[in-house]
Amino acid sequence: MTRTPPTAAELALAAEIDRLGLTATCHQLERWRAKRWLAPTDQWTDPATSALRPDIVHRAAWLAALSRPGRGISWIGWTFWAIDDTEQTAALLRQALIRTIQLPLCQAGLTLAQIPHGDSDTAFETRQNLAERLLRGRRAIGRDLDGLLRTHAGPAGITLPEPRTVSNPFDAALIRIGARLLTGGTADVSPEELTDAWRSVWTGPPEQLYRITAAHLAADHAGTDLHAISPLAHGLPGLVHALEQADAHLLCEAVRACTKASSTLTKLLLERADAGMLTVLMDDVMWDQWVRAGGLAPAGRLGRGRDHPEHGAVPPRPRLGRRPPPLPGPHGPPAGRAHHAAPDNHVT
């Protein structure tokens, strides 16, 4: 297939990336434009000076630093779409999010169309069977990583905050309830079942679990169903519908916020990896919501860090032990050798 000869702007950008100690071919620049990770060529230069815009060089350097043979850009591509926040990039972001949250179904060979609606016995039993199919063949994560950290902290003389929630968020009891929530929503899981599952692995203060139960009872007496306002109130179909209907700008804003929060936590863990910082972080609610629940994990654990060949980008959980680069786009410093040339300076 005959390729279009590179333009002067493409050659100039490729040369600028090379000057930064990275490599990007004109064919790569073309693919990045097609993916809308990079602006169209006519937007690369400053109209007043005809020089390459620094933010374009910064973005291209990021893409060059993250490109590896046989591997995709993955969730960083989502970040670029969210930063640009245009009609086209928001649509791509929405599609990627919808594909990704359906991965449990895809991996089980199921589709949303197979999940029946309604409260009939037949529909209920079908959803229960589909939940069992979601669990079939899945590897259970039986290790309590939070507890493992506490076990090693004791002999080292480090006093960590007491646990607030469950010993292992990936416990089989919780995963089984979670599969039923995905297929049928909160209507298919009684409050008693959900409470019993949490209680079986609860290691936080007992009174906290009592308060949660009391709040649900009080709401029920007041005629309010707290489960109905859960993100999983209508299962995975409800989540997909919410993403389909979500305001495009709010969707981009949410992805930018998650990127900032995750990057900030990673930066604190890596740059201030001492007992004091660890204690501060574990005493914050973000530890439970971002670290223990899968936001961050040790290398090789819990998450998928590659692009799925059929279903699009799968956001990996950043690996601890490698210093991540600064946030892309307007959230980070201008591209430079110090930020992009180091061999370990990339997100996996």
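Salt bridges were searched for across the whole of the predicted model, and 10 were found. Three of them are described here, among them pairs within one helix and a pair that joins distant parts of the chain.

Glu16 is paired with Arg19, and the closest N and O atoms of this salt bridge lie 2.6 Å apart. Both residues belong to helix α1, which spans residues 8–19. Because Glu16 and Arg19 are 3 residues apart in this helix, about one helical turn separates them. Glu16 has a relative accessible area of 23% and is partly exposed; this class begins at 20%, since values under 20% are counted as buried.

A second pair within a helix is formed by Arg199 and Asp196, with a distance of 3.2 Å between the closest N and O atoms. The two residues are located in helix α10 (residues 191–201), where a spacing of 3 residues corresponds to about one turn of the helix. Arg199 is partly exposed at 39% relative accessibility, and Asp196 is also partly exposed, with a relative accessible area of 46%.

The salt bridge between Arg176 and Glu132 has its closest N and O atoms 2.8 Å apart. This pair links distant parts of the chain, its members being 44 residues apart. Arg176 is contributed by helix α9 (residues 172–184), and Glu132 by helix α7 (residues 121–135). The relative accessibility of Arg176 is 42%, which places this residue in the partly exposed class. Glu132, with a relative accessible area of 39%, is likewise partly exposed.

Key. Residues are numbered from 1 along each chain as its sequence is written. This is a predicted model: local features need pLDDT of at least 70, side-chain atom pairs count only at pLDDT 80 or more; totals for chains, interfaces and linings use all residues. Side-chain values use heavy atoms; hydrogens and water are left out. A salt bridge is a side-chain nitrogen of Lys or Arg within 4 Å of a carboxyl oxygen of Asp or Glu. Helices (H or I, at least four residues) and strands (E, at least two) are DSSP runs, numbered from the N terminus. Buried means under 20% relative accessible area, exposed over 50%, partly exposed in between (1.4 Å probe, protein chains only).
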